[in-house]
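Visitor: I am new to this structure, and I would like to be led through some of its parts step by step. Could we look at it together?

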Amino acid sequence: MNNKEKLAKYKEKVNQVIQKMVYELFKHQPDNYVDWMIEYLQLTRLSKHSRESLIVEYNVSSDEEAFEDIDQLPQPSGNTKVFRSSVSAEVFGIHNKKENFQPRVIQKTEEQKKQIQEKLMKVFMFQALGENEKKIVVDAMEEKHFGQNEWVIKQGDDGNELYIVFSGELNCYRKMNSQDTEPKFLKEYSAGDMFGELALLYNAPRAASIQAKNDAVLFALDRSTFNNIVKDATIKKREQYEEVLSKVELLQSMDAYEKTQVCDGLKEANYSAGEIIIREGEEGDKFYMVAEGNLIAYREVDGQQEEVLRYKTGDYFGELALIHKVPRQATVKAETDCNVVYLDNNSFIRLLGPVANILKRNAEAYKKFIKN
């Protein structure tokens, strides 16, 4: 590996810090964002020792010339791009005041409204809305058609709408860093899936590009309706789910964007002490993560219950049936009152791709429990 390649790896580490900072900045939207960024970097900055460790790790020249394009950020120029006023106004100005909101109404048949609401209720951020709020959202949805290979959104662009797939299939691509010449395929969207909400939630550029794989029908929700009806509840729920995911060691290798996608696919359930979550021998269609509480896994052996494993906050279970396509290999029961979040089979396959190998490797540790 030459010095240029090693420097590129160093840059990538720096970019990860910056990307995380920008994500957190848009998430919290502090009034004094400059002071907030300074404080954030002070908390996460690399010490001199850490920098020296990176130099040793990648064997990069330690002279200042090798790092000048990282350490010396360019000064703002006169033609620096300014964020469009509508976005900054939403964060800081009068356009974000809810009393000025006038929801749009796009005419639809009763059948269309019913179909849209059915799709909405499968998306976590709309499930907590009241009946009146649901009606406003449904009325504001606009039907849009995209032909095969047509781009719906492109990474880096400003975003004014989120989309729910009504029919058709779409592919998601993303350039993971500035060195990438071609975007990486991440996943596929199909009927009932949602995308484009990150730009609206955090007033950020599009985080990925979406292209129609075949003819697709989407329903688009505008930024104004989203901000006034959906956003507050969504941020609160997402923060709760992010707190849960932060305790799951399995997911630590996923980046912030991938974790937000997992959040969007999660559902939650509460169980009282003694209740059964999954039962041995049944078909498995969910992957669980423990948000709070303790659980016990056991198997029936000669008519007796034999304890297999115990689960606590941050643990996960249920993946064996999904990975190996076999019935549930044990019964899992709540030992205390507990709260779990889960992904269905389709979301498990689509969203946990980045940690699929870890899941399979960890599953080997208790493969002995699988009945042939």
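Visitor: In what order do the four strands of the open sheet lie?
Guide: This is a predicted model, and in it the four strands of an open sheet are paired in an antiparallel way. Read across the sheet, the order is β9-β16-β11-β14.

Visitor: Which strands stand at the edges of that sheet, and why is one side of each left without a neighbour?
Guide: A strand with a single partner strand has one side left without a neighbour in the sheet, and this is so for two strands here. The strands at the edges are β9 (267–271) and β14 (316–317).

Visitor: Which residue of β16 is the bridge partner of K267?
Guide: Strand β16 covers residues 338–344 and runs antiparallel to β9, with five bridges joining the two. Within β16, the bridge partner of K267 is Y342.

Visitor: Which residue in the turn between β12 and β13 has a positive phi?
Guide: Strand β12 (residues 295–301) and strand β13 (residues 304–311) run antiparallel and are joined by seven bridges, with I296 having R310 in β13 as its bridge partner. The two strands form a hairpin with two residues between them. In that turn, the residue with a positive phi, of about 55 degrees, is D302.

Visitor: Is I38 buried, exposed or partly exposed?
Guide: I38 lies in helix α2, which spans residues 33–44, and together with Y33 and V34 I38 makes a nonpolar surface patch of about 270 Å². Buried means under 20% relative accessible area and exposed means over 50%. Because its relative accessibility is 44%, I38 counts as partly exposed.

Technical notes: Residues numbered from 1 in each chain as written. Predicted model: local features only at pLDDT ≥ 70, side-chain atom pairs only at ≥ 80, totals over all residues. Heavy atoms only, no water. Pairing = 2+ DSSP bridges. Patch = residues over 30% accessible without salt bridge, like charges linked within 9 Å, V, L, I, M, F, W, Y side chains within 5 Å. Areas by Shrake-Rupley, 256 points an atom, 1.4 Å probe, with all protein chains shown as cover. Salt bridge = Lys/Arg side-chain N within 4 Å of Asp/Glu carboxyl O. Buried < 20%, exposed > 50% of the residue type's maximum accessible area, 1.4 Å probe, protein only.
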